Amino acid sequence: MTPAELSSALLSVLDAAVASGDLDVPADRLPASVTIERPRSAEHGDYATNVALQLAKSAGRPPREVASVLATRIQALPGIAAVDVAGPGFLNITLEAAAQGELARTIVGEGEAYGRGATMSGVRVNVEFISANPNGPLHLGHTRWAAVGDSIARVLEAAGADVAREFYINDRGVQMDRFGESLREAANGRPAPEDGYHGGYITDLAAAIVADHPEYLDLPAGEQLVVFREAGYVLQLKQQQDVLTLFRTEFDVWYSERSLYESGAVERGLVTLREQGHSYELDGALWLRTTDFDDDKDRVLIKSDGETTYFASDSAYYLDKRVRGFDINIYLLGADHHGYVNRLRAIAACAGDDPNVSIEVLIGQLVKMYRGGQEVRLSKRKGDIVTLEDLVDEVGVDAARYTLCRYPVDTPLSLDLDLLVKQTNDNPVYYVQYAHARISSLLRNAAELGLDVNLEDFDAGLLVHAREGDLLGSLGQFPRVVTGAAELREPHRVARYLEELASAYHKFYDSCRVLPRGDEEASPTHSARLVLCAATRQVLANGLALLGVTAPERM
RNA sequence: GCCCCCGUAGCUCAGUGGAUAGAGCAGCUGCCUUCUAAGCAGUUGGCCGCACGUUCGAAUCGUGCCGGGGGCGCCA
């Protein structure tokens, strides 16, 4: 029996109790679903529900009395071993071993589909993340969004949503010109301009461009800026794309800011905003009245000198996403962009959308990094940067992705590079991966003994050990963890869950022998445990896949 | 000044209003002649920043303080 099945069974019990008059609760006070949770302590049974506590007021009776009415009826359900009323009115439910053990069969049968759901089926979601300027390598901040954004997309897909991963290329504006200028100066053997970029990558890029196009150096300075800027753009974007592929983060859409202008999207966007009546002219500039929607000041779309602002691009970009038919547009932005939240929401509102539905801005706190006990400062201008590529070289894709996904994004993150470099079990990713490798090895050994994972002869009632019960209980939580992570856009819940599951497995492994020893005959218990192992391996693999981390067969 | 985030064990951090607040690391102590010891078991460690409020029940929700970080542009 899965937790979901138990929950709906309890709802039926509730309805029956009300229908028969045992409980007097108005129909509109009945819950839509019954919450089931795993008690922390084993003495509180396999599952617990607080439904009696919540209903006590509507029923006009003490919680324990409500609980006791329900307990009698729950006791009569198939697969229930015991029901206790505890504390202020909790119902603690213990399942029969066979009912609980059947979960292993369900998981092995469903395979990769176990944990996937349909709660967001039919919802079209755009997840935009990283969105860097193509004028330098992706740094550690971008790396956090790469790992988290991609995992959010994976978790949403697992919940049934139709997801597009999108990277907005900030390829317009003065930063690009500074980039071109810095490349030109480097190509000519001159130091970078005061407000330009200084990193070693500039020298390398400039050299690569000159190698391909020595004739660029013969052009006038103004033209050199343009050709170096454009050639650098192409090379740098390609480098970003390659490193993201290495990081297992694939985008469905690379959306160029320039293309908003070339395609007429900006024009169309300005027309839409004017039609909705929220733009106006003042002092020769065109403004959007975002203060109508919680922004603290109106924003300029077109400056008095005729230039469009970055905000105009943002508006046009949102309106273009809208035309493309997304129900929810998720933006992952750094903490230094929190001032953008209200104006992005105001864009949606000005366009006639409900920002509470169509726009979600996830503000992530910055990543700090320590090496040798000293904070590593990041500054792209100075070239003193730790790139995504550096991090992957040092700790590997798995450890990097897992570590970055393990924390909620609104927590500032401190990474100790020395610790990550060690690749010991200081890093929980190894603990989880080790569990998967351990099971894989065990299943290989089983195959050599001629034992297969056999669902036909599987006797769930043999899984009676306390550690087996704990493991089954943990396995049952997975679907709820996935939908919760999707709804809350918090993939770290998957990582934390996997650590719990791995722990439950290691404990089981320590006290329950799976394979027959020596000359021992293979018993039905051995077979049943083998199915339990296979189920655990499946859930570990499914969970790691949601984080973009590999599930190794051997370590 | 206004806005956002954070404050939980020595350190890094989990904890979607539930029962005795958890994990890893660090410290101490045990467990490998048979399935991976990257493991398991035990032990040490807490005014959940402070106060008041809402609730049957608050680390969690509200208000006010205190402390730390970040942000305010006809910049991009």
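Where does Asp283 sit in chain A? Its place is in the loop between strand S7 (279-282) and strand S8 (285-288). Keep in mind that this is a predicted model, so everything here is a reading of computed coordinates.

**Two odd phi angles**

Start with the backbone. Most residues other than glycine have a negative phi. Asp283 goes the other way, with a positive phi of about 55° although it is not a glycine. Arg489 joins in: its phi is near 55°, again a positive value in a residue other than glycine. Arg489 is found in the loop between H18 and helix H19 (492-511).

Are these two residues buried or exposed? Asp283 counts as exposed, because its relative accessibility is 66% and the cut-off for exposed is over 50%. Arg489 counts as buried, because its 11% falls under the 20% limit.

**The overall layout**

Stepping back, chain A has 20 helices and 14 strands. Its C-alpha atoms fill a box of roughly 85 × 65 × 40 Å, taken along the principal axes. Of the 555 residues in chain A, 51% are buried. Look at contacts with a sequence separation of 6 or more, and 72% of them come from residues 24 or more positions apart.

The chain is divided into domain 1 (3-95), domain 2 (175-227) and domain 3 (424-546). Between domain 1 and domain 2, the C-alpha centres are 71 Å apart.

**What the inside looks like**

In soluble globular proteins, nonpolar side chains tend to be buried together. Here the largest nonpolar core has 111 residues, and Val125, Ile130, Leu156, Leu332 and Leu475 touch the most other members. Domain 2 (175-227) and domain 3 (424-546) each supply at least three residues to this core. Apart from it lies another core of 28 residues, including Leu270, Ala312, Val341 and Ile359.

Ile130 is a handy place to zoom in. Leaving aside neighbours within four places in sequence, Ile130 is in contact with Leu138, His142, Trp145, Ala146, Phe167, Leu244 and Phe251. Then there is Ser131, in the loop between strand S4 (124-128) and helix H5 (140-158). Ser131 counts as buried because its relative accessibility is 17%, under the 20% limit. Not counting residues up to four places away in sequence, Ser131 touches Phe167, Tyr168 and Asn170. One of these partners also takes part in a polar contact: the Ser131 side chain reaches the backbone nitrogen of Tyr168 at 3.1 Å.

Helix H15 (residues 397-405) is worth a look too, since nine of its nine residues are buried. Among them are Asp398 and Arg401, along with Val397, Tyr402 and Leu404.

**Around the RNA**

Which residues come nearest to RNA strand B? Of the 65 around the strand, they are Arg40, Tyr340, Tyr434, Arg438 and Asp510. Sugar and phosphate account for 60% of the RNA strand B atoms that come within 4 Å of the protein. By class, the protein surface near the strand has 27 nonpolar, 16 polar and 22 charged residues. Helix H17 (residues 428-448) gives the most to that surface, with eight residues.

A few polar contacts of the strand, side by side:

| Residue | Protein atom | Atom of RNA strand B | Distance |
|---|---|---|---|
| Lys57 | polar side-chain atom | phosphate oxygen | 2.9 Å |
| Arg493 | polar side-chain atom | phosphate oxygen | 3.0 Å |
| Tyr509 | polar backbone atom | base nitrogen | 3.2 Å |

So what does the strand offer to each partner? Lys57 and Arg493 each have a side-chain atom by a phosphate oxygen, while Tyr509 uses a backbone atom and meets a base nitrogen.

**One more loop**

Follow the chain on from H17 and you get to Asp457, found in the loop between H17 and helix H18 (466-488). Is Asp457 buried or exposed? Asp457 is exposed, because its relative accessible area of 61% is over the 50% cut-off. Its side chain joins that of Asn454 through a polar contact of 3.3 Å. Asp457 also has a distant partner in sequence: Pro524 is 67 residues away along the chain, yet their C-alpha atoms are 8.0 Å apart in space.

Definitions and conventions
Residues numbered from 1 in each chain as written. Chains lettered and ligands numbered in written order. Predicted model: local features only at pLDDT ≥ 70, side-chain atom pairs only at ≥ 80, totals over all residues. Heavy atoms only, no water. Near = heavy atom within 4 Å. Polar contact = N/O pair within 3.5 Å; in protein donor to acceptor, adjacent residues only side chain to side chain. Helix = DSSP H or I, 4+ residues; strand = E, 2+ residues; numbered from the N terminus. Nonpolar A, V, L, I, M, F, W, Y, C, P; charged D, E, K, R; others polar. Buried < 20%, exposed > 50% of the residue type's maximum accessible area, 1.4 Å probe, protein only. Core = buried A, V, L, I, M, F, W, Y, C linked by side-chain atoms within 4.5 Å. Domains from an automatic or database assignment. Contact = heavy atoms within 4.5 Å.
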